Amino acid sequence: MHAAAGSSVKGLCRMLKVLAETDMLRDDLATVCSGTNRALEQVVLSECHAAAETNTPFGTVVQQMDLGADGYRQWPYIHPLALLWFLSTRSPEFGVLVESMLDNCSKKFLDIVIYDDAFQIGNPLRPDQGRNMLGIYWFFLELPSHLLTREDWWFPFGFIRSTPTRGLGIIPGGLSALRARILCIFFGDRGDTFRSGAKIIVRGKLLMFAARFRGNAGDEKGLKDSYDIKGAAGIKFCISCKNAALRRYRTGGYWRPECCPDLRQFVPHTNSSIYTLADDLKSKHSTLSKADFEALETNWGINYNPQGVLFRADVRD
């Protein structure tokens, strides 16, 4: 879990030693930091493993997911409900913060955004993609602005290789299939999810609350891979707009090109209208020729991925 804060074990140990030198740690922690670097690293790793294996009403904090590929039958991820319970029991202030967020919103449930971003371990100038990773995070929109703008308050979910031969490159359905699995963990109809209610401890008492999905955050490539859409390679280049189309294919009337500066002229998609396009692809997958079906995918701007977010009925609601 130390990696979630963007720090290696050695980096975290260096940080602790600096804090100890400025008398900003408790006496017991300062004593540990006064030892050798190797001893401190062992303590940090031990604490991380203990936190990961902590039992909560939702299972251990770190759990396993079968991604359907060799080497990824037991992919570790941080269960969101277990993480919130863990944080509230370790930090009373965290529980008070969540309670205040609920008190300040009239709807009495919180909004969740899921975010993913690519990064490279080690040398960023490395010419190959052998150490490329994808980090998956989530956060509450109701967080105070001074916390929402700090990545330390984006809760980690998991980290996975994103090379062509490992991780996302070999998982059936790719990132879109993984995103569908993640949505089931957060908001599925079975088991403990935010739909049935999260539980935390506030001032020694149990507080239960629900949360809903408000969308994905990411760069262009991240959103394309998450939804398995074509982007600029499709005639309909924007998944958010009904009437957006590349100007070299459709112009005038109902359609608006990519160079249109007035956002008010774009008609937003609804969940229903997006699913209509996906269902059209699904129904014609086995009836059209390969060339005709690829042309239909380009026309709608969506890749057919039966394991992806847009095609799985259990994540549509």
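**Core, sheet and a buried loop residue**

In this predicted model, the largest nonpolar core holds 67 residues, and Phe140 and Phe194 are the ones with the most contacts inside it. Helix 7, residues 174-187, supplies the largest share of this core, eight residues. A second core, separate from this one, has eight residues, among them Val9, Leu25, Leu40 and Cys48.

Phe194 shows which parts of the chain meet in the larger core. Leaving aside neighbours within four places in sequence, Phe194 is in contact with Pro80, Leu81, Leu84 and Ile112, with Trp138 and Phe140, with Phe186 and Phe187, and with Phe209, Ala210 and Ala211. Two of these partners, Trp138 and Phe140, belong to strand 6 and point the same way from it.

The sheet comes next. Five strands make up an open sheet with mixed pairing, in the order 7-6-5-9-8. Strand 7 and strand 8 (198-202) are at the edges; each has a single partner strand, so one side of each is left without a neighbour in the sheet. On average, neighbouring strands of this sheet are turned by 35 degrees against each other, direction ignored.

The pairings can be followed from strand to strand. Strand 7 (residues 155-161) and strand 6 run antiparallel and are joined by six bridges; in one of them Met133 has Arg161 as its partner in strand 7. Strand 6 also pairs with strand 5 (residues 109-120), in the antiparallel sense and over nine bridges. Here Met133 is the bridge partner of Phe119, and Asn132 is the bridge partner of Gln120. On to strand 9 (residues 205-217), the direction changes: strand 5 and strand 9 run parallel, joined by seven bridges. Tyr115, for example, has Ala217 as its bridge partner in strand 9.

Strand 6 (residues 132-140) deserves a separate look. Why can it be called largely enclosed by the rest of the structure? Nine of its nine residues are buried, and therefore the description applies. In a regular strand, side chains alternate between the two faces of the sheet. In strand 6, Asn132, Leu134, Ile136, Trp138 and Phe140 point one way, while Met133, Gly135, Tyr137 and Phe139 point the other way, and all are buried.

A helix also lies across the sheet strands. Helix 5 (residues 92-103) lies across strand 5, strand 6, strand 7, strand 8 and strand 9, and runs at about 120 degrees to strand 8.

The last stop is a polar residue in a loop. Asn243 is found in the loop between helix 8 (220-227) and helix 9 (271-284). Is Asn243 buried or exposed? Its relative accessible area is 1%, and buried means under 20%, so Asn243 counts as buried. What does the side chain of Asn243 reach? One polar contact goes to the backbone oxygen of Gln265, at 3.0 Å, and another to the backbone nitrogen of Val267, at 2.8 Å. Leaving aside neighbours within four places in sequence, the residues in contact with Asn243 are Lys236, Tyr254, Trp255, Arg256, Gln265, Phe266 and Val267.

Key
Residues are numbered from 1 along each chain as its sequence is written. This is a predicted model: local features need pLDDT of at least 70, side-chain atom pairs count only at pLDDT 80 or more; totals for chains, interfaces and linings use all residues. Side-chain values use heavy atoms; hydrogens and water are left out. A nonpolar core is a set of buried Ala, Val, Leu, Ile, Met, Phe, Trp, Tyr and Cys residues joined through side-chain atoms within 4.5 Å. Buried means under 20% relative accessible area, exposed over 50%, partly exposed in between (1.4 Å probe, protein chains only). Helices (H or I, at least four residues) and strands (E, at least two) are DSSP runs, numbered from the N terminus. Contact means heavy atoms within 4.5 Å. Two strands pair if DSSP finds at least two bridges between them. A polar contact is a pair of N or O atoms within 3.5 Å; within protein, one must be able to donate a hydrogen and the other to accept it, and residues adjacent in sequence count only if both atoms are side-chain atoms. Axes are lines fitted to C-alpha atoms, for helices over the stretch in contact, and angles run from 0 to 180 degrees between N-to-C directions.
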